[in-house]
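Biologist: I am new to this structure, and I would like to understand how each label given to it is justified. Could we go through the labels slowly?

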Amino acid sequence: MADPRGFLKHDRKVAVRRPISERIHDWQEVYPGTPGKALLPIIQDQASRCMDCGIPFCHSGCPLGNLIPEWNDLVYREDWQAAVDRLHATNNFPEFTGRLCPAPCETACVLGISQPPVTIKNVEVAIADRGWENRIIKPQMPEWHSNKTVAVIGSGPAGLAVAQQLTREGHTVAVYERDDAPGGLMRYGIPEFKMEKKVLDRRLRQMRHEGTIFRSGVNVGFDITAAELRERYDAVVLAIGSTIRRDLPVPGRELRGIHQAMEYLPQANRAALGEAVEFQITAEGKDVVIIGGGDTGADCLGTATRQGARSVTQLEIMPRPTEERPDNQPWPTYPAIFRVASAQEEFGDRLYALSTTRFTGDTHGRVAGLDLVEVAFSDGKFNPVEGSEKHIPAQLVLLAMGFTGPQREGLVEQFGLELDPRGNIARNGDFETSEPGVFVCGDAGRGQSLIVWAIAEGRSCAAGVDKYLTGESKLPRPIEPTDRPLMA
Ligand SMILES: Cc1cc2nc3c(=O)[nH]c(=O)nc-3n(C[C@H](O)[C@H](O)[C@H](O)COP(=O)(O)OP(=O)(O)OC[C@H]3O[C@@H](n4cnc5c(N)ncnc54)[C@H](O)[C@@H]3O)c2cc1C
Ligand code: SF4
């Protein structure tokens, strides 16, 4: 155990972000240097608050089953090498989760019953960043070669996790990506200010060194068919994400200036990295309305702020959550409470319980505003509140309303894969689809989710693939395909 009196001596403290007035003028991460560096002066005290509980509920809060009390203790004792090892025993990419995870572990922390919980996510990123900076994290070369080949389609966190696990197990793994560079949503969805691409590229270098092959710019199902894949590889893993975007088919949707978030963010990410983007959608000087209150919406907000929007309003159909846990979502569940992302503390307004009834346009066919109505939830649906209609101006509208499943054209159709009732690719307990030897992991099988779940899916799927190729597997399986978050 770290310090038995640590939680009595130290209050919870988190990494301090750069001043808003400074950070909205650049694209770098919101912490000075790296989050790990920003945390160094406080991280030992924070790790010492861990009580090393008899039943560490944080383990079950974390989909990866991260060994949290163990690495808290090691950080407290400044044994960084052992902390890096214990962290990587369950998580291939802690520098991603330490920056981007909503930390369901912290809402399950036992200390959280009576005090603010341990800053688990901060400790995680501090270990990962220090591990990289001090060259403790190194390639792990496979000890033998199985002569089995695997194609992984999609290079988001699920595809990268399954590929790293299988490469280290001695299989020859090629990761195919239709974008011009690997990383999935972490490359062209998530903005630099949340995670700089150099963090992703550093991990990709490690994977290449270990032997994973990357083939970018290949749209599998079109450039290579499913039949060709089957011929070339012993197993195929689909990690193609959930890419069908939810739309808002109300009058005026056809007006110019209304875009899907995933049309806007990839362009902004490229421009932030210095690429010239022709006809870039930009928020500069505009009143921007973002429809959707989740991570994607917050990323649009931070991006529009940095592009110099005149105003930004984020609309959410659900009512504003409470600041404290609602009674029906007790500890250790992950509660729906009011949270403030870094982008939301910088600029803009958030409006709740509102539905868009119509987009209005100017005489040139461009969007000029939105007609809204307040809604109340009853009888299983949102109903308009009479007399609550309002209008807000907007010259740019971004739809950030989520995704409804993986793309069907191409691979899913060519393999003839079964879908589950929610439209995701169906799989058995080994993450194998209805086609033997074809596996699925990440958002394509689970539905739109989180990076931590994608990594957990990739790790578990690797065990299924390894068993298929060799008859048995010792690889870990942190989750079953049906596991869901600790929700009330
Ligand atoms: C804007 C945005 C912000 C987010 N922010 C967060 C966050 O802060 N924290 C968090 O935990 N989660 C966040 N998420 C969710 C998270 O990014 C996803 O849950 C996660 O990336 C899913 O991983 P994946 O590997 O299953 O799929 P993806 O990351 O979607 O990767 C799938 C990849 O497959 C490729 N692909 C698809 N079809 C083919 C094909 N036929 N041939 C070749 N390649 C193909 C795609 O181009 C893509 O690169 C965010 C999502 C979005 C959209
Ligand atoms: S991956 Fe997420 S849930 Fe797991 S320990 Fe890290 S922050 Fe917590």
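**Strands, cores and charged pairs**

Modeller: Let us begin with a pairing of strands in this predicted model: strand 4 (residues 235–238) and strand 14 pair in the parallel sense over three bridges.

Biologist: What makes strand 4 and strand 14 a pair?

Modeller: Two strands pair if at least two bridges are found between them, and strand 4 and strand 14 have three bridges, so they meet that condition. Within this pairing, V236 stands opposite V438 in strand 14.

Biologist: Which strands stand at the edges of the sheet, and what makes them edges?

Modeller: The open sheet has five strands in the order 3-2-1-4-14, with parallel pairing. Strand 3 (213–216) and strand 14 (438–440) each have a single partner strand, so one side of each is left without a neighbour in the sheet, and this is what places them at the edges. From one strand to the next, the twist averages 20°.

Biologist: Which residues touch the most other members of the largest nonpolar core?

Modeller: That core has 92 residues, and those touching the most other members are I127, V237, Y264, V288 and V465. Helix 19 (residues 451–470) supplies the largest share of this core, with 11 residues. Leaving aside residues up to four places away in sequence, V465 touches V150, L166, A235, V237 and F439. A second, separate core has 20 residues, including Y176, I224, Y233 and L411.

Biologist: Why is D299 called buried?

Modeller: Buried means under 20% relative accessible area, and D299 has 5%, so the word applies to D299. This residue is found in helix 15 (residues 295–307), and its contacts, not counting residues up to four places away in sequence, are G189, I190, P191, F193, K194 and L265.

Biologist: What makes the contact between E345 and R17 a salt bridge?

Modeller: A salt bridge needs a side-chain nitrogen of Lys or Arg within 4 Å of a carboxyl oxygen of Asp or Glu; the side chains of E345 and R17 meet at 3.1 Å, N to O, so the pair qualifies. E345 is in helix 16 (residues 342–346), while R17 is in the loop between helix 1 (6–9) and helix 2 (20–23), and the two are 328 residues apart.

Biologist: Why are E345 and R17 called partly exposed?

Modeller: Partly exposed lies between the limits of 20% and 50%; E345 has a relative accessible area of 35% and R17 has 28%, so both values fall in that range.

Biologist: How do you know that R23 and E346 tie together distant parts of the sequence?

Modeller: R23 forms a salt bridge with E346, the closest N and O atoms being 2.7 Å apart. R23 lies in helix 2 and E346 in helix 16, so the pair ties together parts that are 323 residues apart in sequence. R23 counts as buried at 1% relative accessibility, and E346 counts as buried at 10%. Both residues belong to a network of salt bridges that links R17, R23, R306, E345 and E346.

Biologist: What makes K198 exposed, whereas E196 is called buried?

Modeller: Exposed means over 50% and buried means under 20%, so K198 counts as exposed at 57% relative accessibility, while E196 counts as buried at 10%. These two residues form a salt bridge, with their closest N and O atoms 3.2 Å apart.

Note on methods. Residues numbered from 1 in each chain as written. Chains lettered and ligands numbered in written order. Predicted model: local features only at pLDDT ≥ 70, side-chain atom pairs only at ≥ 80, totals over all residues. Heavy atoms only, no water. Core = buried A, V, L, I, M, F, W, Y, C linked by side-chain atoms within 4.5 Å. Buried < 20%, exposed > 50% of the residue type's maximum accessible area, 1.4 Å probe, protein only. Helix = DSSP H or I, 4+ residues; strand = E, 2+ residues; numbered from the N terminus. Contact = heavy atoms within 4.5 Å. Axes fitted to C-alpha atoms, helices over the stretch in contact; angles between N-to-C directions.
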